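Ready for a bit of practice with a protein model? Have a look at the picture, then work through the exercises below.

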Amino acid sequence: SLIMEVEIVEESLPLIIRSKVGNESVTFLKNWITENKEWIEAKLLEHGAIMFRGFYITEGIHFEQVVQKFQPELSNEYRGTSPRQAIPGTQFVFSASEIPSFMPIPQHLEMSFLRSPPRNIFFCCLEAPTSFGGETTLCDFKKVYDELDTNIKNEFETKKVTYIRNYNGRKTFLTDPTMLKGWQDVFDTNDKETVEKECRKNAIDIQWKKGNGLRLINTESAIEKHPDTGHKVWFNHAGVFHWSVIAAEYYRIYKHSGWIRFFFLWLIALVAKFFFLHIFGSDNVGFHTRFGNGDEIPSRYQSHLGDIIWRNMVFNRWEKGDIVMIDNFRVSHGRQPYSGRRKVVVSWSKPTLKPSYT
């Protein structure tokens, strides 16, 4: 009955499951997920991501109800860096990102810079992009680990990675544009004691800076074993938080798309980053990543990593109503720049302690 009710369109990343005529309702999808949860879990483990396509998912509450049939324990605690807005009428659904549409979001496992990231992350398209770009790209970080130069991944595994995040109390003309949120927005409070308590809980060192600024420093593993398969996975934010990443992303997007606007954005990003590096130093820009022993990560390592991620990246155009379930301990996500309208929302499961801590 499983295959009769839905159609498996593509056995890839993601596995695409499409409704059949007459089976497009939210109620049908909720019931189908409830009845076939074990099969979905097995397929999610096998493929790393599943897309449900062709269902009448038009509101955030529909998405929340569907996801809760698969993962009842969702979380609304967010310690990431991307600005997000809660979706009215829901408890666990947020805008996927409020980062300006011309900026790329590099591939990452959600909150992998923390000790306890979510086990799963879920996306839903409520309004498909009206113009170019806007794909929520995916990448298998097990493949990334497998294909990385052996010496480079061994060095990351041995030394670990240290993340440095800077947040201003207020924005000025000379604020690094990668400082996307103030610390008050990250922690949803103006109380410094609450921030300090939260950071202690997550083994994050904090430094209060002049002008009510905040620096967060924490060291985490660079490689993790998948909690179910035991396979090693590239598991860190070096491909997001290193100062060089955004300019490199623009250049790769230009090479991929051929759009001249991204060539100029690459030049602007390059000039801006070197300007802020010269003024502030690498530890004072919005984000930076070093090895856990304090050494700088060589630029050729970052370039090699970016090449492998882009070689394995999957571009899927959103259609309205699409839902994507992701194994956040294996498959990364990012966002391509876009113009025009687009509405993608997100939910995530409760925090799961990384295997290296258990």
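A residue is called buried under 20% relative accessible area, exposed over 50%, and partly exposed in between. Keep in mind that this is a predicted model.

**Exercise 1.** Work out whether Glu 147 and Arg 311, which meet in a salt bridge, are buried, partly exposed or exposed.

*Solution.* Start with the pair itself: the N to O distance between the two side chains of Glu 147 and Arg 311 is 2.9 Å. Next, place them: Glu 147 sits in helix H5 and Arg 311 in helix H12, 164 residues apart. Now use the cut-offs. Glu 147 has 32% relative accessibility, so it counts as partly exposed. Arg 311 reaches 56%, so it counts as exposed.

**Exercise 2.** Do the same for Glu 220 and Arg 115, and find out which parts of the chain they tie together.

*Solution.* The closest N and O atoms of this salt bridge are 3.9 Å apart. Glu 220 belongs to strand E11, while Arg 115 is in the loop between strands E6 and E7, so the bridge ties together parts 105 residues apart in sequence. With a relative accessible area of 1%, Glu 220 is buried. Arg 115, at 31%, is partly exposed.

**Exercise 3.** Describe how helices H10 and H11 are arranged.

*Solution.* First, the distance: their axes come within 8 Å. Then the angle: they cross at roughly 165°, which makes H10 roughly antiparallel to H11. Last, the handedness: the crossing of H10 and H11 is left-handed. Residues making the contact include Tyr 250 of H10 and Trp 266 of H11.

Conventions
Residues are numbered from 1 along each chain as its sequence is written. This is a predicted model: local features need pLDDT of at least 70, side-chain atom pairs count only at pLDDT 80 or more; totals for chains, interfaces and linings use all residues. Side-chain values use heavy atoms; hydrogens and water are left out. Axes are lines fitted to C-alpha atoms, for helices over the stretch in contact, and angles run from 0 to 180 degrees between N-to-C directions. Helices (H or I, at least four residues) and strands (E, at least two) are DSSP runs, numbered from the N terminus. Angles under 35 degrees count as roughly parallel, over 145 as roughly antiparallel, 65 to 115 as roughly perpendicular and the rest as oblique. A crossing is left-handed if the near helix is turned anticlockwise from the far one by less than a right angle, and right-handed if clockwise. Contact means heavy atoms within 4.5 Å. A salt bridge is a side-chain nitrogen of Lys or Arg within 4 Å of a carboxyl oxygen of Asp or Glu. Buried means under 20% relative accessible area, exposed over 50%, partly exposed in between (1.4 Å probe, protein chains only).
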